[in-house]
Structures are given as C-alpha cells and as structure tokens.
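The following note sets out several points for a colleague examining this model. Please read each point with the sequence and structure in view.

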Amino acid sequence: MTYQFQWSVLWSGQSGSWLLQGVLTTLGISALAWVLAAALGILSGALRTVPWRSLRAAASFYVEFFRNVPLLVWMFFWYFGVPPLLPRPAQEWLFNHGAEFWAGTFALGVYHGARMSEVIRSGIQSIPRTQFEASVAMGLTTFQAYRLVIVPIALRLIVPPATNESLNLLKNSSVALTISVAELTFQTRQIETYTAKAIEALTAGTLIYLVLCVSIASVMGWVERRVRIPGLIARGG
Amino acid sequence: MLDLAVVVDNLRFMLLQGFLGLGAFGGGTLRLAIPAIVLGFLLGIAVGLARLARTPWIRVPAGAYVEFFRGVPLVMVIFWIWFIIPQLVRLPIPEYGVALTAFVIFEAAYFGEIVRAGIQSVPRGQVEAATAIGLTPAQAMRHVVLPQALRNMVPSLVTQMIVLFKDTSLASIIGYVDLTKAAQIVNDREIRPFELYLFIAVVYWICTYSMSRVARRLERRAAAA
C-alpha cells in the first residue's frame with residue numbers, strides 16, 4: 001500500500017478555519033510575547049551596562065537563568081506550577097480567560113526577553129563609551145543619558161540580530177502546543193488527527209511558517225534600511 | 001511552602017532515568033543530546049562546505065536546505081520525521097530514532113551556517129599561499145583552512161550546542177522519556193508542579209551554564225593564541 005495523497009482535506013470541512021485560527025493565535029501570542037520580550041530585553045539589557053553593581057547583578061541573574069533553561073520547561077512551569085500559588089480570584093479569572101494562552105505568552109515573553117537582552121547589551125556595548133561620557137558631561141543624568149542617547153542608538157544598531165531573535169520567537173511559539181494553546185502547529189496536528197492525512201497537514205503548516213518568516217524578514221529588511229545610522233558601519237550582535 | 005521532599009523522593013528516577021537514560025524506559029537527555037551534537041556537527045560541516053562549493057548544483061540545494069530548516073519550527077520537523085519515516089521504511093521507529101534524526105537534520109542547518117561563516121573568516125591569502133606551495137584544494141581545506149576556521153567558530157559552536165541541549169526537551173512531545181518527560185511522569189503522580197519543574201530547570205541550568213563557562217574560557221584561550 002502506498003500513501004494516497006488527498007490535498008482536498010486542507011480546504012474541505014473545518015480544516016480551513018482551523019488553519020486560519022491557528023495562524024491568528026500564533027500571530028497573537030507571538031505579538032504579545034514580543035512586546036513583553038522587548039520591554040524586558042531593553043530594560044535588562046540596559047541594566048547590564050549601568051555603573052551600579054547590584055542592578056547589573058540582578059539583570060545578569062534574570063538573563064542567565066531564564067535563557068539557559070529550555071522553553072518547554074518554562075511553559076510547564078508557568079502553566080502548571082505558578083497558577084496554583086496565585087490568590088483564588090486571580091486563579092478563577094485565569095481559568096475563565098484562557099489560562100494556557102496567558103501562561104504561554106508569559107513563558108515565551110520572559111524567555112525571549114532574556115535572549116533579547118543579550119542582543120541589546122551587545123548593541124549598547126558597541127556604542128563608543130564617549131557617547132555616554134559626553135551625555136553626562138552635558139548635564140544629563142545616567143537615566144536620561146540611557147533614555148535619550150544610548151538606548152535609541154542601540155535600537156537602531158541591533159535591527160538585524162533583533163529580527164533574527166524575533167523570528168526565533170515566532171517559531172518557538174509552536175512549543176505552546178504542549179500546554180494546548182491552539183496555535184498553528186496545534187491546528188496542524190488537529191487536522192492530522194481528524195483526517196489521518198499527515199503529509200498534507202504538515203505541508204500546510206510548514207508552508208505557512210515559511211511564508212510568515214520570509215515576510216517578516218523582508219519587512220524588517222526595509223526597516224533596517226530606514227533606520228540605519230549613516231556613516232556607522234559597526235553593528236551590534 | 002516549597003516542598004522539596006517530592007524532589008528528593010524522586011531524584012533517582014529523574015536523574016538516572018530522565019537525565020542519563022538508565023532504566024526501563026530507555027530515554028535519557030544525555031543519551032540523546034551527545035549523539036545529536038556530534039552527528040549534527042558532522043552533517044553541519046558537510047552542509048557548510050556544500051554552501052561554499054563552486055558548482056551551483058551543490059551550492060544551491062545546500063542553501064535551500066539551510067533556509068528551509070531555519071524558517072521552520074523544530075516542533076514541526078519532529079512531527080514530520082515522526083509521520084514520514086514509518087511511511088518510508090514500513091517499520092515502527094522508536095522515539096529515540098525519530099528524535100535523533102529530527103535533531104541532526106534540523107541542527108545541521110544551523111551548524112552549517114556557523115561552519116560557512118568560520119571558513120569565510122579565514123583570509124583568502126591563506127588559500128592562495130597553500131595553493132602556491134603545491135597543496136591541492138582539498139589538502140588546503142583540510143590542513144590550512146579548517147584548522148583556523150574551527151578556532152574562529154568555537155564560541156558560536158558552543159552556543160549552538162547549548163541551544164541543541166535545551167532543544168532535546170522537545171523530544172518529550174513524542175513520548176521520549178528525557179528529563180522533562182520524567183518530571184512530567186513524576187508530576188502526574190505527585191501533583192507538585194512548582195517544585196518539580198523548578199528542579200529540572202535548575203538541572204538544565206547547571207548543564208548549560210557550565211557549558212557557557214567552558215566556552216568563555218576557550219574563547220579567551222583562542223584570543224590569546
């Protein structure tokens with residue numbers, strides 16, 4: 001018996017709407033997690049370069065611990081481990097509002113925040129130290145120097161590695177299927193379960209991921225050209 | 001609040017069975033991670049060299065291979081192998097074989113990029129000098145370029161090995177009993193997820209953090225030499 005291809009399973013029945021929902025959930029969880037990761041990454045990346053030892057140590061602890069443990073373990077930790085410790089009303093709210101989605105977003109955001117932090121730190125460290133010294137000499141406080149000078153320059157330098165990291169985040173959102181977030185890989189598996197047509201379902205899911213990655217990469221290529229700092233060749237990452 | 005007794009009671013199972021793979025389930029994080037790293041790197045060298053080949057018949061497919069696997073989540077690749085291989089060989093394949101195949105194929109794309117970048121970091125003059133003293137291109141690659149390229153690659157290689165080591169946790173999705181799955185099995189009985197998952201997080205962290213320390217030391221030694 002050879003494998004009988006039956007591509008129509010992808011558009012007959014519910015498959016089409018499942019795939020669409022999967023794409024939307026993947027984009028939704030990735031976008032929310034990306035915002036969290038960017039915020040945590042910028043904050044901890046900047047803190048790792050400031051002149052205060054205790055803040056540097058706290059930021060390093062966050063980065064080294066969260067980055068070096070598998071994302072899957074964090075998914076289980078935030079989904080199974082943490083909610084029972086929350087106060088009762090918070091637990092009830094969570095389980096009535098898609099706890100797996102929020103746990104998944106949190107796991108993905110905190111994990112990638114730690115990875116993003118490294119990208120931002122190397123961006124900041126590639127800026128000549130004199131920029132910081134000049135800002136302070138002009139009368140800015142350290143906080144102002146970071147907010148107005150160092151971080152804006154660093155963000156423009158790190159577009160290529162940050163794009164790479166954002167694509168990793170998008171691809172890693174597939175790990176959320178383990179805590180039954182109905183994202184793209186989950187829906188692909190669901191189509192396979194209902195139709196027993198593994199190759200068709202996996203092909204559809206794979207192609208959608210490739211299209212998402214390629215389109216984000218090309219948009220970011222445009223952003224990179226827009227925000228490039230003229231005359232500066234040095235790049236973070 | 002933190003009940004560490006549950007960790008102590010199940011320590012043997014999680015470490016021997018889950019981490020090392022000694023026990024009735026087979027399994028084991030290390031038993032999967034070490035061959036995956038070695039084989040993935042070897043295939044990665046082939047992919048990296050193929051990407052630099054002169055003939056487009058080799059270069060273009062290798063480029064497509066790398067771009068494809070870097071644009072697809074690893075979970076997807078694991079499912080592909082899980083469904084495809086039994087169709088191809090008409091035999092049920094154990095989870096170990098599925099996971100190892102998926103990791104080697106997937107990670108070779110990433111290792112391939114590191115190898116390519118490492119080779120390209122060796123100055124062109126080195127090849128010209130090697131050719132000038134009479135080495136064939138293959139000899140120049142083996143005796144002159146690769147040894148220097150390897151040294152340049154060390155930091156990114158170790159980073160990628162750490163990534164692969166963490167990725168082995170995904171083998172638990174198809175039922176392979178690694179450290180993550182072992183903790184899940186224990187948790188199904190004990191219902192202490194906070195302690196158990198935090199414990200395996202620490203075990204993973206000890207491994208990956210010590211790998212990154214070694215990497216830093218190698219980096220410094222390479223820089224000094």
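**Notes on ring contacts and the chain interface**

1. In this predicted model, the charged end of Arg31(B) is placed over the ring of Tyr96(B), 4.7 Å from the ring centre. A second contact of this kind involves residues of both chains: Arg189(A) lies over the face of Phe79(B), at 4.5 Å from the centre of that ring.

2. The pairing of aromatic rings deserves separate attention. Searching the whole structure yields 28 aromatic pairs over all chains. One of these is formed by Tyr62(A) and Phe66(A), whose rings are 5.4 Å apart centre to centre, with 45° between the planes. The pair is classed as tilted, because an angle that is neither under 30 degrees nor over 60 falls into that class. Both residues belong to helix H2 of chain A (residues 53-67), and because they are four residues apart there, about one helical turn separates them. Tyr62(A) is buried at a relative accessible area of 14%, and Phe66(A) is likewise buried, at 15%.

3. How are the planes of Phe77(A) and Trp78(A) arranged? Their aromatic pair is edge-to-face, with 80° between the planes and 5.3 Å from centre to centre. Phe77(A) counts as buried, its relative accessibility being 7%. Trp78(A) is buried too, with a relative accessible area of 17%.

4. The two pairs just described are part of a cluster linked by ring pairs, and its members come from chain A and chain B. From chain A the cluster takes Phe61(A), Tyr62(A), Phe65(A), Phe66(A), Trp74(A), Phe77(A), Trp78(A) and Phe106(A). From chain B it takes Phe194(B), Trp205(B) and Tyr209(B).

5. What does the interface consist of in terms of residues and area? In chain A, 38 residues are in contact with 37 residues of chain B. The area buried between the two chains is about 3200 Å², and carbon and sulfur atoms give 76% of that area. Zero salt bridges are counted between chain A and chain B, whereas seven residue pairs across their interface are in polar contact, both residues being at pLDDT 80 or more. On the side of chain A that touches chain B, the elements giving two or more residues are H2, helix H3 (71-81), helix H5 (99-125), helix H9 (184-195) and helix H10 (198-227) of chain A. H10(A) gives the most to this side, with nine residues.

6. Thr203(A) is found in helix H10 of chain A. Is Thr203(A) buried or exposed? Thr203(A) is buried, because its relative accessible area of 19% falls under the 20% limit. The side chain of Thr203(A) reaches the backbone oxygen of Ile199(A) at 2.5 Å, a distance a reviewer may wish to inspect. When neighbours within four places in sequence are left aside, Thr203(A) is in contact with Trp7(A) and Trp80(B).

7. A final point concerns a glycine. Gly98(A) lies in the loop between helix H4 (88-96) and H5 of chain A, and it is partly exposed, with a relative accessible area of 24%. From Gly98(A) to Gln131(A) the separation is 33 residues in sequence and 46 Å in space, taken C-alpha to C-alpha.

Terms used:
Residues are numbered from 1 along each chain as its sequence is written. Chains are lettered from A and ligands numbered from 1 in the order in which they are written. This is a predicted model: local features need pLDDT of at least 70, side-chain atom pairs count only at pLDDT 80 or more; totals for chains, interfaces and linings use all residues. Side-chain values use heavy atoms; hydrogens and water are left out. Rings of Phe, Tyr and Trp (its six-membered ring) pair if their centres lie within 6.5 Å; planes under 30 degrees apart count as stacked, over 60 as edge-to-face and the rest as tilted. Buried means under 20% relative accessible area, exposed over 50%, partly exposed in between (1.4 Å probe, protein chains only). A charge sits over a ring if NZ of Lys or CZ of Arg is within 6 Å of the ring centre and within 35 degrees of the ring normal. Contact means heavy atoms within 4.5 Å. Buried area is the accessible area (1.4 Å probe) that two parts lose on being put together, summed over both. A salt bridge is a side-chain nitrogen of Lys or Arg within 4 Å of a carboxyl oxygen of Asp or Glu. A polar contact is a pair of N or O atoms within 3.5 Å; within protein, one must be able to donate a hydrogen and the other to accept it, and residues adjacent in sequence count only if both atoms are side-chain atoms.
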